Structure formats: C-alpha cells, structure tokens
Amino acid sequence: MAKSTVEIELVAQVAEATKAVKRFADDTQKQLNVISISTAVSGIAAGFNLARDALRPLVEFLGDSINEAVEAERATLALANSMRVVGDFSEEALVQFKGFADELARTSSLSDDQVVANLALAKSFGLTNEEAKKVVSVAADLSALTGDSLPSSVEKLAKSYNGFVDKSLKQLVRGLGDLTEAQKANGDVVELVGARAAGSANQLRGGFGGAVNEVSKAFSEFKETIGTAITTNETFIAALQATAEAIIFVTNNLGTFASAVKFTFTAIINQIGRASC
C-alpha cells in the first residue's frame with residue numbers, strides 16, 4: 001500500500017532535522033578541537049579571579065565583622081569567668097558591667113570591648129564589682145594622663161587594695177605613701193589618683209585625632225553588630241560544626257582516600273593504554 005503524503009513529508013522533516021543536528025555536532029567538535037586545554041583552564045581561572053576580586057571587599061568586611069564579634073564574646077566570657085572565680089557572678093551583674101562599659105566608651109576614647117576586658121583584669125585581683133568599676137574608670141583617666149597602657153594602669157590601681165602602691169603613683173600624687181593599710185584597702189589610693197587625673201580620658205576625645213577615633217569606634221561597633229548576627233545564628237554555627245566534623249573525618253581517613261584515588265587513576269591509565277593498542 002502506498003505511503004500517504006503526510007507520512008512522506010514527516011519522513012523528510014525527520015531526515016532534515018537529523019542532518020541539522022549532525023551539522024551542529026560537527027561544527028561544535030571543530031570549535032572544541034581549536035580550543036586547547038590550557039586555554040580552557042586559563043579561561044576558567046580568569047573567571048574565578050574576576051569573581052574573587054569582585055567579592056574580596058565583601059569577604060574581608062564579613063571576616064572583620066566576625067573577628068569583632070568573636071573578640072567581644074571573648075572579653076565577655078573572660079569577665080564572666082573572673083566573676084565566677086571571685087564568687088559573685090550573676091547574669092544581672094554581667095549586664096550591669098556591660099552597661100558600664102558602654103557608658104565609659106561613650107565618654108572616653110576606649111571601646112566597650114576594651115573596658116570589658118579590663119573589668120575582667122580588675123576582677124582577677126579579687127575586687128568587688130563596684131571596686132572593679134571604680135578602678136577601670138580611674139585607670140582610663142590615669143592612662144590618658146600618663147600615656148601608660150590601660151591594663152598597666154588597672155593593675156597598679158587594683159594592687160593598691162592589697163597594700164601595694166606603685167612608685168609611679170606615689171610620684172603622681174603626694175601622700176600616697178603615708179596612707180595606712182586600712183586606707184589602702186578601703187580604696188583611698190584609687191580615690192586620690194582619680195581626683196588627680198579626673199577628666200583626662202574625656203579630653204582625648206577632642207580634636208581631629210579624637211574625631212577620627214570616634215569614627216573608628218563607631219565603625220567597629222557596626223561591624224561587631226553584623227558579626228554578632230552571624231556568630232549567633234544557629235544555622236551558621238551548625239554549618240561550622242559540620243565543616244569541622246567533615247575535616248576531621250577526611251583527616252582520619254586520608255590514607256583510605258589516597259589509596260582509592262591511586263586505584264582510580266591506575267584503572268583510568270590502564271584503560272587508556274588498552275584503548276590505544
């Protein structure tokens with residue numbers, strides 16, 4: 001029985017489509033033959049480099065933000081631990097300390113993280129919470145006045161409660177060496193040094209340098225806020241934990257993986273060798 005016109009046209013269309021596909025395949029193969037592996041690799045590398053350069057500022061910003069948040073977390077944990085060692089830790093007291101740190105940072109060139117870290121240092125000398133606040137507050141003025149570091153000033157003042165008065169403090173304030181042990185334990189050294197250095201920390205906030213420092217502090221706080229949002233995210237934390245577990249697994253099974261890779265490459269090379277014969 002003769003084929004219908006529709007059937008003949010359909011066969012013709014299929015044949016033409018088959019030819020078109022074959023021509024496309026031949027043309028594609030010719031183009032692939034022209035492109036060397038090194039050219040392809042270079043193109044891929046260039047693409048990755050372009051993406052890396054474009055994303056670098058964002059990656060660096062996020063990295064800095066996370067570091068700011070981690071440093072703040074470490075300072076808070078150190079303070080909480082110092083309070084536990086002394087035996088007067090409470091969540092309420094910790095919150096009060098952080099409020100004190102925010103206020104001192106607002107009226108000095110210090111950051112809140114610096115204040116928290118030095119509160120932990122003061123507490124490590126066995127001081128009460130109120131004594132630690134007083135020591136750090138006076139130490140901020142003292143370090144601004146003398147150019148000494150804040151931790152050094154905190155240490156000198158904290159030791160005075162135990163009867164030791166540093167020579168530099170005696171030179172700064174007359175009469176400190178005449179105080180009784182009871183007066184020293186009562187915090188009179190800190191009071192007298194505080195009166196002598198009062199307002200020095202706030203003075204450092206003035207001028208161009210102070211303005212630049214304030215901008216730097218504000219930007220650090222902004223990054224810390226971003227970093228805290230990341231580091232307190234449960235999904236992000238779980239991803240980091242999973243990554244750590246994966247790295248440990250790979251490390252523990254590195255020998256097995258190496259053997260498997262070696263076996264696979266050997267099989268591929270043998271197969272290529274047989275195909276070329």
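At what angle do helix α3 and α5 pack, and how far apart are their axes? I will start there. This is a predicted model, and the values I give are computed from it. Helix α3 covers residues 91-106, and its axis lies 12 Å from that of α5, at an angle of about 15°. Angles under 35 degrees count as roughly parallel, and α3 and α5 are therefore roughly parallel to each other. As for handedness, α3 passes α5 in a right-handed crossing.

The residues that meet are these. From α3 there are A93, Q96, F97, F100 and L104. From α5 there are N129, A132, K133, V136, S137 and A140. Sorted by class, this contact has 7 nonpolar, 3 polar and 1 charged residues.

Let me step back to the whole chain. The protein has 277 residues, of which 26% count as buried. There are 13 helices and 0 strands, so if you read the elements from the N terminus on, you get α at every position. Taking contacts with a separation of 6 or more, 61% are between residues 24 or more positions apart.

Now back to α5, this time with another partner. Helix α5 runs over residues 129-146, and helix α9 over residues 188-197. Their axes come within 9 Å and cross at roughly 40°. That puts the pair outside the parallel class, and α5 and α9 are therefore oblique to each other. The crossing of these two is left-handed.

On the α5 side the contact is made by K134, V135, V138, D141, L142 and L145. On the α9 side it is made by V190, E191, V193, G194, R196 and A197. The residues of this contact divide into 7 nonpolar, 1 polar and 4 charged. The charged residues can be picked out by name: K134 and D141 from α5, and E191 and R196 from α9.

A general remark on helices fits here. An α-helix has 3.6 residues a turn, so residues three or four places apart point the same way.

The next pair is α4 with α6. Helix α4 is residues 112-123 and helix α6 is residues 150-160. The axes come within 10 Å and cross at roughly 30°. These helices are therefore roughly parallel to each other, and α4 passes α6 in a right-handed crossing. The contact takes Q114, N118, L121 and A122 from α4 and L150, P151 and V154 from α6. By class, it has 5 nonpolar, 2 polar and no charged residues.

What about α4 on its own? From its first C-alpha to its last, this 12-residue helix reaches 16 Å, close to the 16 Å expected at 1.5 Å a residue. Of its 12 residues, 9 are buried, so α4 is largely enclosed by the rest of the structure. The buried ones are D112, D113, V115, V116, N118, L119, A120, A122 and K123. N118 and A122 are buried and also belong to the contact with α6.

One last residue, N81. Its place is in helix α2, residues 37-86. Is N81 buried, partly exposed or exposed? Its relative accessibility is 45%, so N81 counts as partly exposed. Along the chain, N81 and S124 are 43 residues apart, and their C-alpha atoms are separated by 9.1 Å.

That is the tour; I will take questions.

Note on methods. Residues are numbered from 1 along each chain as its sequence is written. This is a predicted model: local features need pLDDT of at least 70, side-chain atom pairs count only at pLDDT 80 or more; totals for chains, interfaces and linings use all residues. Side-chain values use heavy atoms; hydrogens and water are left out. Axes are lines fitted to C-alpha atoms, for helices over the stretch in contact, and angles run from 0 to 180 degrees between N-to-C directions. Helices (H or I, at least four residues) and strands (E, at least two) are DSSP runs, numbered from the N terminus. Angles under 35 degrees count as roughly parallel, over 145 as roughly antiparallel, 65 to 115 as roughly perpendicular and the rest as oblique. A crossing is left-handed if the near helix is turned anticlockwise from the far one by less than a right angle, and right-handed if clockwise. Contact means heavy atoms within 4.5 Å. The expected span of a helix is 1.5 Å times one less than its number of residues. Buried means under 20% relative accessible area, exposed over 50%, partly exposed in between (1.4 Å probe, protein chains only).
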